[in-house]
Amino acid sequence: MGTIRLDKCLADQGLASRKELREIIRSGRVRVDGQTETHPERRLDPDAVSITLDGVPVGYRRFHYYMMDKPVGVVTATEDTRQQTVLDLLPTDLKRLGLFPVGRLDKDTSGLLLLTNDGEFAHRVISPKSCVKKRYYAEVEGEADEKDVLAFSQGIVLRDGTQCLPAQLELLGGGCCVVTVMEGKYHQVRRMLASRGKPVLTLRRLSIGGLRLPEGLEPGAVLALDESDLCTLFNC
Ligand code: URA
């Protein structure tokens, strides 16, 4: 990659605010290739040098990827003056990374939400052209049946006339089902089921592509994703 300022390089890792990092660098706590560097504006290629802070190596990553088990009652937004957002749930160091949610889960929906600072990645996950499947577990009023399965497979027309892409509906019985879609229209799964006379009571996203939430991740907690997780996501 090209060169970037030393303070930005450290800020990209969420180590402290850019202002704090300028002070830290000036105070002599940062070394570049073993030499103390006191100039925050020093330009360098982070892939070509080794950087330490207080003697601890600082690995460089421009892009960051996390999964969260989004709890019900939190809005999928980067900021909101009145309601708690998914970003409010992040620990302080992650709040500095410029993360944003990939797509959207409704306030009343729980489950797998991706957070990143990589716009191209987010677009790839969201775009219907990428054919990344999003699976949802739903509890509905009434009982979905084989006619609903057929209607989903043919592409539901929402009550406002919006045509959806073909989707999959799996019947679990007891008012429960799993819906798989490859697009993300506003309130899509709720509106698809409502259009079949089966209003949603509970909705939870189970997976995106090949990526599922691991057992034991607390609601609102996040887990960093690595290259192999991204491969799993895109089934590559
Ligand atoms: N579809 C919905 O209706 N709600 C969500 O949160 C996600 C998909």
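**The ligand and its surroundings**

Guide: In this predicted model, the residues surrounding the ligand are Leu105, Asp106, Thr109, Tyr136, His187, Gln188, Val189, Arg190 and Leu203.

Visitor: What makes the pair formed by the ligand and the side chain of Asp106 a polar contact?

Guide: A nitrogen atom of the ligand is 2.6 Å from an N or O atom in the Asp106 side chain. A polar contact requires N or O atoms within 3.5 Å, so this pair qualifies.

Visitor: Which backbone atoms lie 3.1 Å and 3.3 Å from an oxygen atom of the ligand?

Guide: At 3.1 Å there is a backbone N or O atom of His187, and at 3.3 Å one of Gln188. Both values fall within 3.5 Å, so these pairs also count as polar contacts. The protein buries 96% of the 240 Å² that the ligand exposes when taken alone.

Visitor: Where does the ligand sit, and which helix gives the most to the shell around the ligand?

Guide: The ligand occupies the largest pocket. Helix α6 (residues 188-195) contributes the most to the shell, with three residues. By class, the shell comprises four nonpolar, three polar and two charged residues.

Visitor: Why is the pairing of Asp7 and Arg22 called a salt bridge?

Guide: Their side chains meet at 3.4 Å, N to O. The cut-off is 4 Å between a side-chain nitrogen of Lys or Arg and a carboxyl oxygen of Asp or Glu, so the pair meets the criterion. Asp7 belongs to helix α1 (residues 6-11) and Arg22 to helix α2 (residues 18-26), so the pair ties together parts that are 15 residues apart in sequence. The whole structure holds 15 salt bridges.

Conventions: Residues numbered from 1 in each chain as written. Predicted model: local features only at pLDDT ≥ 70, side-chain atom pairs only at ≥ 80, totals over all residues. Heavy atoms only, no water. Near = heavy atom within 4 Å. Polar contact = N/O pair within 3.5 Å; in protein donor to acceptor, adjacent residues only side chain to side chain. Areas by Shrake-Rupley, 256 points an atom, 1.4 Å probe, with all protein chains shown as cover. 1 Å grid on protein atoms, 1.4 Å probe; cavity = no way out; pocket = protein on both sides within 12 Å on 5 of 7 lines; lining within 4 Å. Sits in = over half its atoms within 2 Å of the grid points. Helix = DSSP H or I, 4+ residues; strand = E, 2+ residues; numbered from the N terminus. Nonpolar A, V, L, I, M, F, W, Y, C, P; charged D, E, K, R; others polar.
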